[in-house]
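This report describes selected strand, salt-bridge and aromatic features of a single structure. Please consult the sequence and the coordinates alongside the text.

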Amino acid sequence: MRILAIDYGIKRTGIAVTDEIQMIAFGLTTIPSETAIAFLKDYFSKEKVACVIVGEPKQMDGTPSQSAEIINAFVTKFQAAFPEIPVNRVDERFTSKMAFKTMIDSGLNKKQRQNKAMVDEIAATIILQDYLRYKK
């Protein structure tokens, strides 16, 4: 079974998954946030998922960030739609900055680095990698 990570945002949602033995995290896609539940219904009908990881936005002092309310509402909607799938939260501080740095380090040019959908997908992958490291 796979583990799926979600970097939920107001406009876009980055999604990453593991391989079936839960060793490697890789970006899956970025979707419009309003389609997230429908996308996940389709994905779960094709793939077995052990649990879902959702980024938890925090400020530097550990308090919830401005987007926490929106993401918490999504988690509530997710749990209503998929009560059988456990949800774990992972601190997502700095994941967007880390994603951007990853894009630079991998040699993407300036135009490619402006692709916010790619940033969201990489951020979801970083969230999932953090979870896998913590889990071990």
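Q22 counts as buried because its relative accessibility is 14%, below the 20% limit for that class. The model is a predicted one. Q22 belongs to the loop between β2 and β3 (25-32). A polar atom of the Q22 side chain lies 2.9 Å from the backbone oxygen of M1.

**Strand β1 and its partners**

Strand β1 comprises residues 2-8, and 7 of its 7 residues are buried. In a regular strand the side chains alternate between the two faces of the sheet. For β1, the residues on one side are R2, L4, I6 and Y8, and those on the other are I3, A5 and D7; all are buried, and both faces are therefore covered.

Two strands pair with β1. Strand β4 (residues 49-56) runs parallel to β1 and is joined to it by 5 bridges. Within this pairing, A5 stands opposite I53 of β4. Strand β2 (residues 12-18) pairs with β1 in the antiparallel sense, over 5 bridges. Here the bridge partner of I6 is I15 in β2. The connection from β1 to β2 is a hairpin through 3 residues.

**Salt bridges**

The model contains 4 salt bridges. The following table lists three of them.

| Pair | Closest N to O distance |
|---|---|
| E20 and R2 | 3.8 Å |
| R2 and E47 | 2.9 Å |
| D130 and R133 | 2.6 Å |

What links R2, E20 and E47? These residues are linked in a network of salt bridges. R2 counts as buried because its relative accessibility is 14%. E20 forms a salt bridge with R2. This pair links distant parts of the chain, with E20 in the loop between β2 and β3 and R2 in strand β1, 18 residues apart. E20 has a relative accessible area of 54% and is therefore exposed.

The side chains of R2 and E47 also meet in a salt bridge. Because R2 lies in strand β1 and E47 in the loop between α1 (36-46) and β4, the pair ties together parts that are 45 residues apart in sequence. E47, at 25% relative accessibility, counts as partly exposed.

D130 and R133 form a salt bridge as well. Both residues lie in helix α5 (residues 116-135); because they are 3 residues apart there, about one helical turn separates them. D130 counts as partly exposed at 23% relative accessibility, whereas R133 counts as exposed at 57%.

**A nonpolar surface patch**

I21, M23, I24 and F26 make a nonpolar surface patch of about 430 Å². I21 has its place in the loop between β2 and β3. With a relative accessible area of 64%, I21 is exposed. Q22, in the loop between β2 and β3, counts by contrast as buried, at 14% relative accessibility.

**Aromatic pairs**

The count of aromatic pairs comes to 7. A pair of aromatic rings is described by the distance of the centres and the angle of the planes.

F39 and Y43 form a stacked pair, with 6.3 Å from centre to centre and 15° between the planes. These two residues are 4 residues apart in helix α1, so about one helical turn separates them. F39 is partly exposed, at a relative accessible area of 23%, while Y43 counts as buried at 11% relative accessibility.

Why is the pair of F44 and F78 edge-to-face? The ring centres of F44 and F78 are 6.2 Å apart and the planes stand at 85°, so the pair takes that class, for which the angle has to be over 60 degrees. The pair links distant parts of the chain: F44 belongs to helix α1 and F78 to helix α2 (residues 68-81), 34 residues apart. Both residues are buried: F44 has a relative accessible area of 17%, and F78 is at 1% relative accessibility.

F39, Y43, F44 and F78 are among the members of one aromatic cluster, which also includes Y8, F74 and F82. Y8 is one of the buried residues of β1.

Definitions and conventions:
Residues are numbered from 1 along each chain as its sequence is written. This is a predicted model: local features need pLDDT of at least 70, side-chain atom pairs count only at pLDDT 80 or more; totals for chains, interfaces and linings use all residues. Side-chain values use heavy atoms; hydrogens and water are left out. Buried means under 20% relative accessible area, exposed over 50%, partly exposed in between (1.4 Å probe, protein chains only). Two strands pair if DSSP finds at least two bridges between them. A polar contact is a pair of N or O atoms within 3.5 Å; within protein, one must be able to donate a hydrogen and the other to accept it, and residues adjacent in sequence count only if both atoms are side-chain atoms. Patches are made of residues with over 30% relative accessible area and no salt bridge: like charges are joined within 9 Å, nonpolar side chains (Val, Leu, Ile, Met, Phe, Trp, Tyr) within 5 Å. Accessible areas come from the Shrake-Rupley method with a 1.4 Å probe; for residues, only the protein chains shown count as cover. Rings of Phe, Tyr and Trp (its six-membered ring) pair if their centres lie within 6.5 Å; planes under 30 degrees apart count as stacked, over 60 as edge-to-face and the rest as tilted.
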